[in-house]
Amino acid sequence: MLHELLLALVGCTGDVFVDVKQQASALGLTTTATSSSTTGCSSSPHPQQDSTTLTTTDDDCTFRLAPDLSFLQHSEREVLDKLLRLGFYYRELNNFCLQSRNLSWINSSYPHSTDGSNAKQPSVYRRALANGIVEVLAVYRAAVLQVEQALMSDPVPVLASVTQGLYQFEGLLPPLHALIREVEREELRGGRLLNLLHAKCHCGVPELQACMQRLLWHGHQVMYRQLEAWMVYGLLQDQHQEFFVSRQQGAEGTANNEHPTEAAHLADWHSGFCVSLEMLPEYITLQVAESILFVGKALQVLRNPSLSFRSHVSSSHGVASKTFTRPNAATQATKFSAQPSSDYQGPELLSPAQANNIASMLRDLKKAPNFHKMSFERAVDSIRAIAATHLWQLVVVHADLIGHLKALKDYFLLAKGDFFQCFLEESRSLMRLPPRPPTAEADLKVPFQQAATKTIGDDDKYFSRVSLRMPQLTSTAAVNNEVDPKRPRSITDSSVSSDTSPYDGWDGLTLEYSIDWPLQLLFTRDVLAKYSKVFQYLLRLKRIQLELEKSWAEAMQQDRADSAQQRGDSRQQRMPMWRVRQHMTYLITNLQFYIQVDVIESQWKLLQERLEASKDFTELARFHQEYLAALITQSFLDIGSVSRILDSIINLCLQLCHIIEQEDGGLNLTELDRITEEFNKKSNSLYTILRSSKLAGSQRAPFLRQFLLRLNYNSFFEATARGALNMGRPRTAH
C-alpha cells in the first residue's frame, strides 16, 4: 500500500487509490459537472452516486480510496484524502504542462484554431508558464522520492512521515491548480496572463509569493525576447498576437513582402503598428508602451534606408559638414551647421556598438530575478533617447530638414514675396477669366516659370520640387463663371456664406511639394494639407491686395484722362468709392502684415531656436506640429465666424474692383452704397470679434493686440463699431 500511495502522489492511480472520473468513463457512466466552492476528496468510504451518473465539479479531486477498504480508520482516511489531493493536483498540473509545451503546432499550416476559439490556439506565454510549473513539479517529485527513500531505510509511521515530507506543497499545489484553471477558463494569453501572475505575486505566504514570482519571471523571459527583437532589430516576433505591440488590422506594410518598398516602410511608420491595450500589462504604463512602439518603428527606418537615400549618401560620403542657409528675424542669412556622427559609415545609420548597447540593457533586465518598474522605465527611456537621436540625425543632418522647412516657408507661406508678386502680375489677365478644367494647370505653368526666371536664382535647389496644382472644379463653380465672368459676386449668395467656397474659380489653386525619404516621416499628407490651407488663404489675400492696387491705378489713370472741368465734378462723385477702397486696402494690408510678420516670422524664429536646442526626433515632430498649429490658430483659420467674415470682405473687395473697372459706363451709386454699407458691417464685426476677451485677452494669439492697435490707431474702427451697435439698437420713445 505504501508504493500505491507514492504512485498516487505522482498522479498514477491503481486498485487502492482510484480515479472515479476515469473509472466512470471506463464503465460508460456519464459525468455531470457542477460548480462547487469546495475542492477536496470525499472522506466517505462509499461516495453517493447512482448506477448511471457521477456528479463532480471541474475543480473537485477525483482521486478516492477504493470503496472496499474497510480496515482504515476515519482519521486515516482524512489524512489519505489530503495526500490524494496533492497527487490529483500534480496530475492536473502535469497535464497542463504537457499540453502547453506541445510543439506539434510548429509543423501545422495554420497558426490559429479552425473552430474560431482561442482555447486550442498556441501561446508562448502559456508555454513559459508551463516551464515554470515544471520546475515546481520537479521539486515535488524529488520530495516524494526523498520520502520513499526515508521510509525504505527506516520503518517509521508511514502517514506521519509522508505528511511531514510533503507539508510544504499543501500551500503551493492548490493555488497553482486554481491558477491554471483560471487561465484555461478565461483563455488568458500574453499580457492578460502576465497581469494575472503579477496579481498573484501579492500574497502573504512567502513560499507561494516566491513561486508566483518565478512563474512571472518565466513569462517576462518571453516578453523580453519580443522586446529585444522589436527594439534592437525592428522585428515583430508575435505569431500568436500576444505582444502589446501589434500590427494594425488591414495594414499590410512589410508583413507579407519579401522585398518591401519604400511606400510599405512609410505605411508601417504611420499606421502599421499600434499598442494593443488588451495585451498591455497593467504595470507597464501606456507612455512607456508608446516609447517602445516608437523605438521599434525607428529601428525599422534606421535599418532599412531607401535605395535612393543609400546612393545619395554614399556619393556624398566624406563631406565634413552640411550647411543650410536660412533667414533670421531680420531676414538676414545665417548658417546652420550640423556635424555628422564620427561612426557613420555610408548608409548604415545605426552603429553596431549602439545596437549592442540597446541589447545589453535589455539583457540586464532579463537577468534580474524580479521585475523592477523603475529600472524597466529607465532602460526604455535610454533606448528611446538613442533611437530618437539617430532618427534626428537622419532627418536633420542627412536629409536637410532645415532647408526643406525654409523652402516650405518660402513657397507655401509666401515668404518669397517678390516671386508671388511677379507670378500674380504675369497671370492676372489669365485669372480674370474662368479656369478651363482640362488645361487650368498647364495655363498657369507659363507665368509660373516666367516669374521664377525673373526672381529666383539658379542656386535655389528647392524650387524644382514645387509645382502648381488645380483641383478639379465643381460643376456649380464652372457654370457660375461661364455665365458671366465679370459679374460681381453678391454677399447674399449661398456660396459666399459657406466656409470653403471660393470667390472665383481660381481660389482652389494650391502647391505640391516633392518629398524624398525619410522626410515623409514628418511631412505627411495631413501636414502638407495644412500648409496648402495656409497657402490658399495667403494667396487669396495677396490676390485681392493686388486687385485693389490695380484698381487704384486705373482710377488715377481715368482721373488724369478727364478734362480740368470734368475732373472736379468726377472727383466729388468718385470720392466715396475711393474712400471705401482705401479702407479695404488698409484692412487687407494690415491683416497681411500681421500674418506674415507677427505670426509667420515669429513662429519661424521660435521653431529655429527649438530645432537648434534639441536633438530628439520626437521633440522635432512635436515642435513642427506646434508650429503649424500656431500658424492656423493665430491666423484665425480655425474660427468659422472669422473665416466667413473675411471671405465676405474679400468678395466685397472684388465687387468694388469690378465697379471701378466698369466706371466708363457710369458709376453705379446704388451698388456702391450697398458694398460700402456691407463692408462697414463686416469690418466692424471682425474688429468686435478680434478685440473680444476670448481672443485678445488670451494666449491664443499673442500678437493680436499689436494688430488691433495698428488697425485702430486713430480709434476709427472702435468709433464706427460703436456707432453700428447704437444704430442697431431700437430707440425708446420719449
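In which helix is the place of tryptophan 392? I shall begin there and then turn to the chain as a whole. The place of tryptophan 392 is in helix H13, residues 373-398. Please bear in mind that this is a predicted model.

Tryptophan 392 counts as buried, because its relative accessibility of 8% falls under the 20% cut-off. Apart from residues up to four places away in sequence, tryptophan 392 touches Val397, Leu611, Ser614, Lys615, Asp616, Phe617 and Leu620. One of these partners deserves a remark: lysine 615 is 223 residues away along the chain, yet the C-alpha atoms of tryptophan 392 and lysine 615 are separated by 6.0 Å.

Let me now place this in the context of the chain. Its secondary structure comes to 26 helices and 10 strands. Of the 734 residues, 47% are buried. Among contacts with a separation of 6 or more, 76% are between residues 24 or more positions apart. The chain exposes about 36,600 Å², with carbon and sulfur atoms supplying 51% of that area.

Confidence should be addressed before the details. The average pLDDT is 75, and 70% of the residues score at least 70. Over residues 42-58, however, the pLDDT is below 50, although this stretch has 32 contacts in the model beyond near neighbours in sequence. Residues 474-502 also have a pLDDT below 50, here with 38 such contacts. Where pLDDT is low, the predicted coordinates should not be read in detail.

I turn next to the interior. The largest nonpolar core has 191 residues, and those with the most contacts inside it are Met223, Phe244 and Phe376. Helix H21, residues 564-613, contributes the largest share of this core, 14 residues. In soluble globular proteins, nonpolar side chains tend to be buried together. For phenylalanine 244, the contacts beyond four places in sequence include Met223, Leu227, Met279, Leu280 and Ile292.

Which residues of helix H14 are buried? The helix spans residues 401-412 and reaches 16 Å from its first C-alpha to its last, close to the 16 Å expected. H14 is mostly covered, with 12 of its 12 residues buried. The buried residues include charged-type names such as Lys406, Lys409 and Asp410 alongside Leu401, Ile402 and Phe412. After H14 comes leucine 414, which has a positive phi, near 60°.

Leucine 414 also appears among the contacts of lysine 542, together with Gly417, Gln421, Leu424 and Gln592, leaving aside neighbours within four places in sequence. Lysine 542 lies in helix H20, residues 525-561. Is lysine 542 buried or exposed? It is buried, because its relative accessible area of 15% is under 20%.

Finally, some points of backbone geometry. Tryptophan 517 and proline 518 are joined by a cis peptide bond, with omega about 5°. Proline 518 lies in the loop between strand E10 and H20.

Two residues that are not glycine have a positive phi: glutamine 241, at about 55°, and phenylalanine 636, at about 65°. Glutamine 241 lies in the loop between helix H8 and strand E5, and with 43% relative accessibility it counts as partly exposed. Phenylalanine 636 is placed in the loop between helices H22 and H23; at 2% relative accessibility, phenylalanine 636 counts as buried.

Key: Residues are numbered from 1 along each chain as its sequence is written. This is a predicted model: local features need pLDDT of at least 70, side-chain atom pairs count only at pLDDT 80 or more; totals for chains, interfaces and linings use all residues. Side-chain values use heavy atoms; hydrogens and water are left out. Helices (H or I, at least four residues) and strands (E, at least two) are DSSP runs, numbered from the N terminus. Buried means under 20% relative accessible area, exposed over 50%, partly exposed in between (1.4 Å probe, protein chains only). Contact means heavy atoms within 4.5 Å. Accessible areas come from the Shrake-Rupley method with a 1.4 Å probe; for residues, only the protein chains shown count as cover. The expected span of a helix is 1.5 Å times one less than its number of residues. A nonpolar core is a set of buried Ala, Val, Leu, Ile, Met, Phe, Trp, Tyr and Cys residues joined through side-chain atoms within 4.5 Å. pLDDT is the predictor's confidence in each residue, from 0 to 100.
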